[in-house]
Amino acid sequence: MTRFNSRILAATTALVIASGPAWPATGDLDTSFSGDGKLLTDFGGREAINAVARQSDGRIVAVGSMDGDFLVMRFTSAGALDTTFDGDGFRLVNFGATDTAQAVVIQSDGRIVIAGTSSDFAVARLTSNGGLDATFGHGGLMTGDYGEAGAASANAVALDTLGRILVAGDSGAGNFGVARL
């Protein structure tokens, strides 16, 4: 009986040592974000978020649409609306049609590039505090197509190794398109 008990003790000790401290499993919600790991934001319209990007300081930029305009929101790393961004934590960008932001990237200088769809592909660049960047396009906005008939869209945005903006999406005629700005 002593021999049997020592085996149980040895197996139990090995199990306790192997299990280590109780850490959340990869993929579990991080409760340090917004208290429970989730965030629900309602501005009273019809909102949808399509992409997020993390700034070098940990703040989170989310983009999508609200009532037919680009919606850009910024949150602190803890999940609160960052009121230093455009005064209230969010900004609507109107290209004059039904607009939907599909992608976002943060440039090394902190400027925020948002790509999506208006009547063609649409790109907006904001300053780090949420204002339209007047040095980009026409007052911070730019639209274009890929050279084919139809309504082009931008579904992705990236920066190349030189920091130039790349947008990719649907050409409007059933082909894919890529443009470098």
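Two strands pair if DSSP finds at least two bridges between them. Keep that in mind for this tour of a predicted model.

**Stop 1: the four-strand sheet**

Select strand S1 (47-54) and strand S2 (residues 60-66). They pair in the antiparallel sense, over seven bridges. Now pick Arg54. Its opposite residue is Ile60, in S2.

Widen the selection to S1, S2, S3 and S4. These four strands form an open sheet, in the order S1-S2-S3-S4, and the pairing is antiparallel. At the edges lie S1 and strand S4 (90-93), each pairing on one side only. On average, neighbouring strands here are turned by 20° against each other, direction ignored.

**Stop 2: Arg91**

Stay on strand S4 and select Arg91, which lies in it. Is Arg91 buried or exposed? Its relative accessibility is 18%, so Arg91 counts as buried. The cut-off for buried is under 20%.

Show the side chain of Arg91. What does it reach? One target is the backbone oxygen of Gly130, at 3.3 Å. The side chain of Arg91 also makes a polar contact with the side chain of Asp86, at 3.2 Å.

Next, display the surroundings of Arg91. Leave aside neighbours within four places in sequence. Arg91 is then in contact with Phe70, Leu71, Val72, Phe85 and Asp86, and also with Leu126, Gly130, Gly131 and Leu132. Asp86 and Gly130, from the side-chain view, are both among these contacts.

**Stop 3: the three-strand sheet**

Move on to S9, S10 and S11. They make an open sheet of three strands, ordered S9-S10-S11, with antiparallel pairing. S9 and strand S11 (176-180) are the edge strands, and each pairs on one side only. Neighbouring strands of this sheet are turned by 20° against each other on average, direction ignored.

Zoom in on S9 and strand S10 (residues 165-170). Four bridges join them, and the two run antiparallel. Select Ala156 to see one residue pair: its bridge partner in S10 is Ala168.

**Stop 4: Asn155**

Finish at Asn155. Where is it? Asn155 sits in the loop between strand S8 (141-144) and strand S9 (156-159). With 42% relative accessibility, Asn155 counts as partly exposed.

Show its contacts, not counting residues up to four places away in sequence. Asn155 touches Gln102, Ala103, Ala168, Gly169 and Asp170. Ala168, the bridge partner of Ala156, is one of the residues that Asn155 touches.

Last, draw a distance from Asn155 to Ala115. The two are 40 residues apart along the chain, and their C-alpha atoms are separated by 6.9 Å.

Notes. Residues are numbered from 1 along each chain as its sequence is written. This is a predicted model: local features need pLDDT of at least 70, side-chain atom pairs count only at pLDDT 80 or more; totals for chains, interfaces and linings use all residues. Side-chain values use heavy atoms; hydrogens and water are left out. Buried means under 20% relative accessible area, exposed over 50%, partly exposed in between (1.4 Å probe, protein chains only). Contact means heavy atoms within 4.5 Å. Axes are lines fitted to C-alpha atoms, for helices over the stretch in contact, and angles run from 0 to 180 degrees between N-to-C directions. A polar contact is a pair of N or O atoms within 3.5 Å; within protein, one must be able to donate a hydrogen and the other to accept it, and residues adjacent in sequence count only if both atoms are side-chain atoms.
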